[in-house]
Amino acid sequence: ISWVRPSVKFLSDYLGKEKIDTIITTGPPHSVHLIGLHLKESLQIKWVADFRDPWTSIGYHSKLRLGKASESRHKGLEKQVLTTADHIIVTSDTTRKEFKAITDKPIAVITNGYDGVYQGPHGLDDRFTLSHIGSLLSGRNPDILWQVLGDLLGGNKKFREAFRLQFIGVVSKDVLSSVEKYGLTGHTRVLGYVDHDKAIEFQHRSQVLLLVEIDSEVTRGIIPGKLFEYLAARRPVIALGPTGWEAGAIVARCNAGVAFDYNAHAALKEVILNYFQLYKKGELTVSSQNLEQYSRRSLTRKLASLLLWE
């Protein structure tokens, strides 16, 4: 990686003059950790390696078409970083368990989180809106959900009159084709990108929030950052992902909604219909709990305590 060595020299000179005793590297890109590795070895300072995503087990890694030598090199560098850093931070327990098999260095789980209390306009949508915030690309195309919604539209007049599917962010053509296939297009609103404050407003005004992940074993430890903003919105979450998905477990543990795998057609349909009945009564709420642990203030406090070296 061509920029690592000059970066190391520049930072070594700077840090040596400033007498800094601890550095934190965060990735991806995981090449940043290679800078931390060299600084640790050359300056003998404390080093925390923060992994916001896994390295060689992330879903797209297998699509890089690496040769055996390159794959071995990645694995070797990953192990070198994990066994040299003084402390490691990951965003999921799945990644923690994966890394524990490689290193005996201490590993802390510090997830993504949400900011302070929402200060925007209050009030819920009049329509029974199911909203997905963020990119929904081809790999995350939940055919089972579109099928369930199509069934409900075809068999329930009141549902058909009140329902709206709402996409805020980029939506792939494959997803829109599936939506059309199940007769949802006339009930769908695609808003594209909006600024972050507006996205938060949509989250707070929506009747139900949709969280979707690729149905794959390698995505079980993926916890989308928007989950924590969903939790802070205190609207019911329908999470659809692989069996054993850690994000789904968080939704259930916080009593923030219901998580399903891709085979739960009947159960998914039942929950959506139940949410709709509560919406008609003006009683669609959730009693979320233990959310403060995911506030950025609490997470920063956790990071600060980790940096208090003995």
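Two rings of Phe, Tyr or Trp count as an aromatic pair if their centres lie within 6.5 Å, the six-membered ring being used for Trp, and planes over 60 degrees apart make the pair edge-to-face. By this criterion the structure shown above, a predicted model, holds 9 aromatic pairs. A pair of this kind is described by the distance of the centres and the angle of the planes.

One of these pairs joins Phe128 and Phe159, whose ring centres are 5.8 Å apart; with the planes at 70°, the pair is edge-to-face. The two partners come from distant parts of the chain, since Phe128 belongs to strand β5 and Phe159 to helix α6, 31 residues apart. Phe128 has a relative accessible area of 0% and is therefore buried, and for Phe159 the value is 0% as well, so this residue is also buried. Phe159 has a further partner in Phe276: here the centres are separated by 5.1 Å and the planes again stand at 70°, so this pair too is edge-to-face. Helix α6, which carries Phe159, is thereby linked to helix α11, which carries Phe276, across 117 residues of the chain. Phe276 is buried, as is Phe159. Together with Phe163 and Tyr279, the residues Phe128, Phe159 and Phe276 make up one aromatic cluster.

The setting of these rings is worth a look next. The largest nonpolar core comprises 34 residues, and Phe128 and Phe159 are among those with the most contacts inside it, alongside Trp146, Leu149, Leu165 and Ile272. At least two residues of this core come from each of β5 (128–133), β6 (163–168), β8 (208–212) and β9 (237–240), and likewise from each of the helices α5 (143–155), α6 (157–162), α7 (173–181) and α11 (265–280). The largest contribution is that of α5, with 7 residues. Leu165 gives a helpful close-up: leaving out residues up to four places away in sequence, Leu165 touches Leu130, Trp146, Val179, Leu184, His187, Thr188, Arg189 and Leu210. Separate from this assembly is a second core of 23 residues, with Phe202, Leu227, Leu231 and Leu291 among its members. Phe202 also takes part in an arrangement with a charged side chain, as Lys198 lies over the face of its ring at 5.8 Å from the ring centre.

A polar detail appears at Ser172, in the loop between β6 and α7. Its relative accessibility is 11%, and Ser172 therefore counts as buried, the limit being under 20%. The Ser172 side chain reaches the backbone nitrogen of Val175 at 3.2 Å. Beyond its neighbours within four places in sequence, Ser172 is in contact with Leu136, Leu137 and Ser138.

For the chain as a whole, 12 helices and 10 strands are assigned. The C-alpha trace spans about 70 × 45 × 30 Å along its principal axes. Of the 310 residues, 47% count as buried. Among contacts with a separation of 6 or more, 68% are between residues 24 or more positions apart. The surface exposed by the protein chain is about 15,900 Å², of which carbon and sulfur atoms supply 51%.

Definitions and conventions:
Residues numbered from 1 in each chain as written. Predicted model: local features only at pLDDT ≥ 70, side-chain atom pairs only at ≥ 80, totals over all residues. Heavy atoms only, no water. Core = buried A, V, L, I, M, F, W, Y, C linked by side-chain atoms within 4.5 Å. Buried < 20%, exposed > 50% of the residue type's maximum accessible area, 1.4 Å probe, protein only. Helix = DSSP H or I, 4+ residues; strand = E, 2+ residues; numbered from the N terminus. Contact = heavy atoms within 4.5 Å. Polar contact = N/O pair within 3.5 Å; in protein donor to acceptor, adjacent residues only side chain to side chain. Phe/Tyr/Trp six-rings, centres within 6.5 Å; stacked < 30°, edge-to-face > 60°. Lys NZ or Arg CZ within 6 Å of the ring centre and 35° of its normal. Areas by Shrake-Rupley, 256 points an atom, 1.4 Å probe, with all protein chains shown as cover.
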